[in-house]
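Me: I would like to go through this model one question at a time, with the reasoning set out before each result.

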Amino acid sequence: VIDPYLSRTSSSAALFDIACEHIPGGVNSTARATWSGWSPHPLFVEQGRGSRLTDVDGNTYIDYLLGLGPMILGHRPPAVTRAVVDFIERRGTVFALPTADEAVLAAKIVAAVPSVEQVRLANTGTEAVLYATRLARAFTGRSKIIRFEGMYHGFSDGMYWSKHPSIATAGPDARPVPVPQGPGLPSGVERNLIILPWNDADILADVLAREGDDIAAIITEPVMCNTGCILPQPGYLEAMRALTEKHGVLLIFDEVITGFRLGLGGAQARFGIRPDLSVFAKGLGGGFPVAAVGGRRAVMDLVARGKVSMAGTYTANGIAVAAANAALDELARPGTYERLEAVSTCLRDGLSAIFAKAAIPAYVEGIGALLQVWFSDTPIRNYRDAERHADQDIFRRWWEGMLARGVLFHPGAYENLFISTAHSFEDVEATLAAANDVVSRLA
Ligand code: PMP
């Protein structure tokens, strides 16, 4: 039997062999590696345009991978490209001095996100999370951070823990032990981490009652996007907000994926929760590397007074700021999110209908321009549910079938499908036709 993936992607296979000579693993990020699902080799990209991506073998896909989130305006959004090209041609890139454009961008972010009174830029989500946790520790004078099993907050020493641990070795369900995501982390940093299961307010209340005085912050994705897509249980984020306030613990929303995707105000505007600090990246820059950490003035004031240093040769570089200014202007155009929501809902409802009548148990979870399919007969509320109930093998066959029919998303069951403003109702129709065909063969 000839593997259709191999026969359609021979140029990618050849390039992967060459890349592996000098690039360890052949790729420049773990999420593109063979062991993350792109086996036996990832697709090598020729170009993207709007909702489409074309690989080096000339296959064109409807793209729901979307760079893992940043391409909320689709590939090559003209307004963003123009703004960046214009900036670098007429003005430059890096000055180690401020530009007027930074204040303009900060004002847009503050206007868009209800809880953000002041904001500093960074380059990546990893970096912005690092700033947020440092600010929280400086503000409270406490060291410990609560984070949740199954989430990802970047690869810093302090955060690269318990994303997808083997649950056989990760301790009790109610009080997991910190598990490093890999070797190379200094021993001891985990003493400042408390790992909890997500979506359980009772456990959170209990831990805060006993250890609250030592805890600087809780960091959470407002929607779990790093173990597929899992919505917060009704009242969970509200409980988290109330409990953190009671114990003087800062609440940090990691909106790296949800920010500017679930709406201009992110997940927090959608759920009506005001975190103390928020982190943004992906959607903010329309495909260019820029991130931000912002929040209450009282906390951000530590930066204003020079107590907490936030530095970086490339922070707020001309490209990043021009891209983010242009991207936010595009996103703020009247009707943008309404249409994005309509297209996304059409895809989610269409897929839900297909899986509802499928011969295998599966359901779609999603919100805004974001979704994932769970192949499970049990609702998934946190990471251990996913490990115990989600069928990764069927997911793989679903992914292969969709890819063979020209629909691209990440091969990992714990990733998401992303929708952009460039996706059309016709794209959704074509996707649903492919899904119908694939699902009928999955049983
Ligand atoms: N936080 C979350 C929720 C993320 O999903 C990611 C990346 N996928 C990060 C932080 C890290 O962002 P970056 O890759 O830009 O460092």
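Me: Which residues of strand β9 point one way and which the other way, and are they buried or exposed?
Reply: This is a predicted model, and in it strand β9 covers residues 277-280. Ser278 and Phe280 point to one side of the strand, whereas Leu277 and Val279 point to the other. As for their surroundings, all of these residues are buried.

Me: Which strands are joined to β9 by bridges, and in which direction do they run, parallel or antiparallel?
Reply: Strand β8 (residues 250-254) is joined to β9 by three bridges, and one bridge partnership there links aspartate 254 with valine 279. Strand β10 (residues 291-295) is joined to β9 by four bridges, with glycine 295 of β10 as the bridge partner of leucine 277. The directions are therefore read pair by pair, given that strands pair if DSSP finds at least two bridges between them. β8 and β9 run parallel, while β9 and β10 run antiparallel.

Me: Through which helix does the chain cross from β8 to β9, and what is the handedness of the crossover?
Reply: On its way from β8 to β9 the chain passes through helix α8, which spans residues 266-271. The resulting β-α-β crossover is right-handed.

Me: Which helix gives the largest share of the shell around the ligand?
Reply: The ligand is surrounded by 15 residues, the closest being Thr124, Gly125, Thr126, Gly154 and Val256. By class, the shell consists of seven nonpolar, six polar and two charged residues. Its largest share, three residues, is supplied by the helix that runs over residues 125-140, namely α5.

Me: How many residues of domain 1 are in contact with domain 2, and how do they divide by class?
Reply: The domain assignment gives domain 1 as 4-76 + 335-440 and domain 2 as 78-331, with C-alpha centres that lie 25 Å apart. On the side of domain 1 that touches domain 2, the elements giving two or more residues are α11, β11, β12 and α12. In domain 1, 28 residues are in contact with 33 residues of domain 2, and that side of domain 1 has 15 nonpolar, eight polar and five charged residues.

Me: Is leucine 66, in the loop between β3 and α3, buried or exposed?
Reply: Leucine 66 has a positive phi of about 45 degrees although it is not a glycine, and most residues other than glycine have a negative phi. Around leucine 66 there are 28 other C-beta atoms within 10 Å, and the cut-off for burial is 20 or more, so leucine 66 is buried.

Methods:
Residues are numbered from 1 along each chain as its sequence is written. This is a predicted model: local features need pLDDT of at least 70, side-chain atom pairs count only at pLDDT 80 or more; totals for chains, interfaces and linings use all residues. Domain bounds come from an automatic or database domain assignment. Two residues are in contact if their C-beta atoms, placed from the backbone, lie within 7 Å. Ala, Val, Leu, Ile, Met, Phe, Trp, Tyr, Cys and Pro count as nonpolar, Asp, Glu, Lys and Arg as charged, and the others, Gly among them, as polar. A residue is near a molecule or strand if its C-beta atom, placed from the backbone, lies within 6 Å of it. A residue is buried if 20 or more other C-beta atoms lie within 10 Å of its own, exposed if 12 or fewer, and partly exposed in between; C-beta atoms are placed from the backbone. A crossover is right-handed if, with the strands pointing away from the viewer, the path from the first strand over the helix to the second runs clockwise.
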